[in-house]
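Dear colleague,

I am passing on the structure we spoke about, and below it you will find my notes on what turned up when I went through it. Please read them with the model open beside you.

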Amino acid sequence: MKIAIFGSHHQRAHLAHIAQLATALRNRDVEVWLDRRFYDYIHPLIPEFGVAGIIDGNEFDADYAISIGGDGTFLRTAARVGEKQIPIAGINTGHLGYLADVPICQAETFVDDLMSRNVTINVRQLIDVSADNMDYHLTALNELAIQKNASASMLHIHVTVNGRELTTYLGDGLIVSTPTGSTAYNLSVGGPIMHPACRSIVISPIAAHSLTMRPLVLPDDIILRITTTSNRSDSFRASVDGNSDELPMGTTLRLSKADYGILIVQHRSHDFAETLRKKLMWGADTR
């Protein structure tokens, strides 16, 4: 078995567990390839972390990819994997660990589950984001967030669905989220939680200047066009899974369902409702 490993640079509190993971992989004759940046960080700290090779760029293959870090690390790993259809397992050394849901203390056991195929692989949809008349093309596992710059008092965000006018949102910004991302930024602005198996997207305004602007759930097979303008700024921020770019006002973004999905590895015992209760304190009575 060949495994590609990606990780964050904030692991000093977890070095003992990562060393145990390295030993477990070596003892099971797993061919391990490390991302260059993670290798440069972890090798001086754990010299015995033997590797078969180093990953430079996005040209690599593996049976599985492992992300060691938090949800941000998982999103970056998903971007590197792209269309390769390599299942990604998230080992959590971060805070929440909603996507990276395997605790680092259970990493060695999880390797055995991978080896014995005692896991499930779920497909998560992506949103394809591009800009008219610009070299701009990204895919979102969580969301696209349109946000104002500091100098913009209010954004006018005009949205069409399959060529028909939806509305113009007035406010600080707009989030277009996948079901996977519904528990991320979307949730913080009052958007709905969606089960990952839903074939939908949700549009949620950020600090809307009207009480009539509410989150909206739409099917994922539609095409959105979003044009952002403002009287106070020449640009706005477009953030795709945390990767932020400054785009000129008047830019039209085209959003559609991507031609491929991201494969996420989870233990067979994984339960969506239990994750909500444990990770997000869903339904907790704090009285």
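Two strands are taken to pair here if DSSP finds at least two bridges between them. Please also bear in mind that this is a predicted model.

With that meaning of pairing, six strands form an open sheet, in which the order is S9-S8-S19-S16-S11-S12 and the pairing is antiparallel. Strand S9 (137-140) and strand S12 (164-171) stand at the edges and have a single partner strand each, so one side of each is left without a neighbour in the sheet. From one strand to the next, the twist averages 20 degrees.

Going through the pairings within this sheet, strand S8 (residues 127-131) runs antiparallel to strand S19 (residues 252-257), with five bridges between them, and Ile127 has Lys257 in S19 as its bridge partner. S19 is in turn joined to S16 by four bridges, again in the antiparallel sense, and here Leu224 is partnered with Leu255 of S19. On the pairing of S16 with strand S11 (residues 155-161), there are six bridges, also antiparallel, and Val159 finds its bridge partner in Ile226 of S16.

Strand S16 (residues 224-229) deserves a separate word, and it helps to recall that in a regular strand the side chains alternate between the two faces of the sheet. In S16, Leu224, Ile226 and Thr228 make up the covered face, whereas Arg225, Thr227 and Thr229 make up the uncovered one.

Turning to the helices, helix H1 (residues 15-27) packs against helix H4 (residues 107-115) at an angle of about 25 degrees, and their axes are 8 Å apart. Since angles under 35 degrees count as roughly parallel, H1 and H4 are therefore described as roughly parallel to each other, and their crossing is right-handed. The contact brings Gln20, Leu21, Ala24 and Leu25 of H1 together with Ala107, Glu108 and Val111 of H4; by character, the residues of this contact divide into five nonpolar, one polar and one charged.

Finally, is Thr93, in the loop between strand S5 (88-92) and strand S6 (102-103), buried or exposed? Its relative accessible area is 10%, and because buried means under 20%, Thr93 counts as buried. If neighbours within four places in sequence are left aside, Thr93 is in contact with Gln11, His14, Ile68, Gly69 and Ile104.

With best wishes

Key
Residues are numbered from 1 along each chain as its sequence is written. This is a predicted model: local features need pLDDT of at least 70, side-chain atom pairs count only at pLDDT 80 or more; totals for chains, interfaces and linings use all residues. Side-chain values use heavy atoms; hydrogens and water are left out. Axes are lines fitted to C-alpha atoms, for helices over the stretch in contact, and angles run from 0 to 180 degrees between N-to-C directions. Helices (H or I, at least four residues) and strands (E, at least two) are DSSP runs, numbered from the N terminus. Angles under 35 degrees count as roughly parallel, over 145 as roughly antiparallel, 65 to 115 as roughly perpendicular and the rest as oblique. A crossing is left-handed if the near helix is turned anticlockwise from the far one by less than a right angle, and right-handed if clockwise. Contact means heavy atoms within 4.5 Å. Ala, Val, Leu, Ile, Met, Phe, Trp, Tyr, Cys and Pro count as nonpolar, Asp, Glu, Lys and Arg as charged, and the others, Gly among them, as polar. Buried means under 20% relative accessible area, exposed over 50%, partly exposed in between (1.4 Å probe, protein chains only).
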